[in-house]
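Please open the model in your viewer, choose a display in which backbone and side chains can both be followed, and keep the selection panel at hand for the stops below.

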Amino acid sequence: MNQNSSPKLPPGQQLVAPGKWPIIGERQPAAIDAPWSLQCYGEISQPDTFSVSKLRNLPQTEIITDIHCVTRWSMLQVKFRGVLLADFLDVVRPTKQAKFISFVARSARKHSSSLPLDVAIAQRTLLALDVAGEPISTEHGGPIRNIVSGRYFYKSVKWLTEIELLASDRLGFWESESGYHNNADPWAEERYLAGSIDKRDAARLIASKDFSNQNLLSLSAANRELNQLRASQAALRNADFSHSSLLSADFQAANLSNANLRHADLRGAIFVDADLEGADLTAADLRGANFSGSSLIGASFFDPAIGPESGARFDDQTILPDEVIGPLFPQQLQFVREQLLYRPPGC
Ligand SMILES: Nc1nc2c(c(=O)[nH]1)N[C@H]1C(S)=C(S)[C@@H](COP(=O)(O)O)O[C@H]1N2
Ligand SMILES: [Mo]
C-alpha cells in the first residue's frame, strides 16, 4: 500500500484528545515494587529469565507506532523503545516446533495474548521499556509491556512477565473469555468473533425480555420491541440494538462495549455502572436515560461522517455526569456539552 495515500485511521476509529492516553483493562498488579523478571520458556533452546537491566543491556530499538483500541479510540505516532522481539529471540533461540508466542502478565488474572510467531516478528513486536523517552508508567504496563503494531491494542500485554513459545496456539484472556478476534487486524475491523447464540435461542430470549446476567456476545436484536428489557449485568459486547425500542430498559452494570444503539429509543433507560466503551449512540433517543457511573471511552453520540444533525436526543432528565463524559473524544464531548446546555425540559 502507498504510505502517503493510505488513510491514517482504520475504519470505525477516532482520535483521543492529545495527551489523553486512556487506561484500559484490569487494575495494575499489587506487588509492582517486587523485583521484575521476564521469564522465557517453552519451545526454545535457551530458557532464561531477564531482569529489567538485563533487557536494557540487549540492543535497544525505537519504533513509532499507532495505537488502535478495539473500543474505537486511537493514538497516532507513539514512540516506544525497548528490545525487538527478533533480537530477543536471537538470545533464547526458538526450536523448529515454535509456531506461536504467548505473552503473559503478572496480574491478578494472569492476563495473556498470543500471536503466530511469524506475525509477531513481521509486525516488529517490541518488548517495550520506554514510551516518549520515559520508562513506561505502571498504569500503562511498566516496567515491561509488549507492543504489537498493526493489531488492536489488546495484543499488547501490560506487566509482561512470561513469554512462552508454543507449537500450537493458546488463546489469550480476551480472545477466550470475551470473544475478541484472535487476528485483531484493525484495517479489517477484526474486533469480535461471531456470536455463539443461534437464531432460535436469540428469538426465545428476545421474547422473554430478560437478558440479565447472560453472555450474549454479538447478539442481533435490531428493529425489535424490547421495552422494559431486563439486562442488568448482561454481557452484550458488540450487540446490535439499532432502531429497537428499549423504553425504560435496565442495563445496569451491563457490558455494552461496541454495542450498536443507533436510532434506538432509549427513553428512561438505565445505564448505571454500564460499560459503553466504543458504543454507538448516534441518533438514539436518550431523554430521561441515566448514565451515572458508566464508562464512555470511545463512545459516540453523533456520527462524524454525517454531522451533528445525526446526534442523540437529550432532555433535562437525562443523567450524564461531568466525570462520565470527560473521557469522550473531543468532538463528541463538545457535541454532548452543547446538547446538555440547550436541552429541553422532559415531562
Ligand atoms: N495485563 C493486561 N494487559 C492488557 C490489558 C489488560 O486488561 N491486562 N488490556 C488490553 C487492552 S484491551 C488494551 S486496549 C490495552 C490498554 O493499554 P493502556 O491501558 O496502556 O491504554 O492493554 C491491553 N493489555
Ligand atoms: Mo482494548
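## A tour from hairpin to ligand

Begin by selecting isoleucine 63 and look across to strand 5, where phenylalanine 80 stands opposite this residue. Bear in mind throughout that the model is a predicted one. If you now widen the selection to residues 61-68, which form strand 4, and residues 73-84, which form strand 5, you will have a pair of strands that run in the antiparallel sense and are joined over seven bridges. Follow the chain through the turn of this hairpin, where four residues lie between the two strands, and stop at arginine 72, whose phi is positive, near 80°.

Next, select glycine 142 together with proline 143 and inspect the peptide bond that joins them, which is cis, with an omega of about 10°. Showing the neighbouring elements as well will place proline 143 in the loop that runs between strand 9 (134-135) and strand 10 (145-147).

For another backbone detail, move to glutamate 189, which is not a glycine and yet has a positive phi of about 50°. The loop that holds glutamate 189 is the one between helix 4 (173-177) and helix 5 (199-208).

Now select ligand 1 and display its surroundings, which comprise 20 residues, with Pro22, Arg109, His140, Arg145 and Lys158 as the closest. Colouring this shell by residue class will show twelve nonpolar, four polar and four charged residues.

Which atoms of the protein should be picked out for their distances to ligand 1? At proline 22, choose the polar backbone atom that is 2.7 Å from an oxygen atom of ligand 1. At serine 156, the atom to choose is a backbone N or O, which lies 2.9 Å from a nitrogen atom of the ligand, whereas at histidine 111 a polar side-chain atom lies 3.4 Å from a nitrogen atom of ligand 1. Taken on its own, ligand 1 has 530 Å² of accessible area, and the protein covers 100% of this.

To finish, hide ligand 1 and turn on a pocket display, in which the space that the ligand takes is the second largest pocket.

Methods:
Residues are numbered from 1 along each chain as its sequence is written. Chains are lettered from A and ligands numbered from 1 in the order in which they are written. This is a predicted model: local features need pLDDT of at least 70, side-chain atom pairs count only at pLDDT 80 or more; totals for chains, interfaces and linings use all residues. Side-chain values use heavy atoms; hydrogens and water are left out. A residue is near a molecule or strand if one of its heavy atoms lies within 4 Å of it. A polar contact is a pair of N or O atoms within 3.5 Å; within protein, one must be able to donate a hydrogen and the other to accept it, and residues adjacent in sequence count only if both atoms are side-chain atoms. Accessible areas come from the Shrake-Rupley method with a 1.4 Å probe; for residues, only the protein chains shown count as cover. On a 1 Å grid over the protein atoms alone, a cavity is a set of points where a 1.4 Å probe fits but cannot get out, and a pocket is an open set with protein on both sides within 12 Å along at least five of seven lines; lining residues have an atom within 4 Å of a point. A molecule sits in a cavity or pocket if more than half of its atoms lie within 2 Å of its grid points. Ala, Val, Leu, Ile, Met, Phe, Trp, Tyr, Cys and Pro count as nonpolar, Asp, Glu, Lys and Arg as charged, and the others, Gly among them, as polar. Two strands pair if DSSP finds at least two bridges between them.
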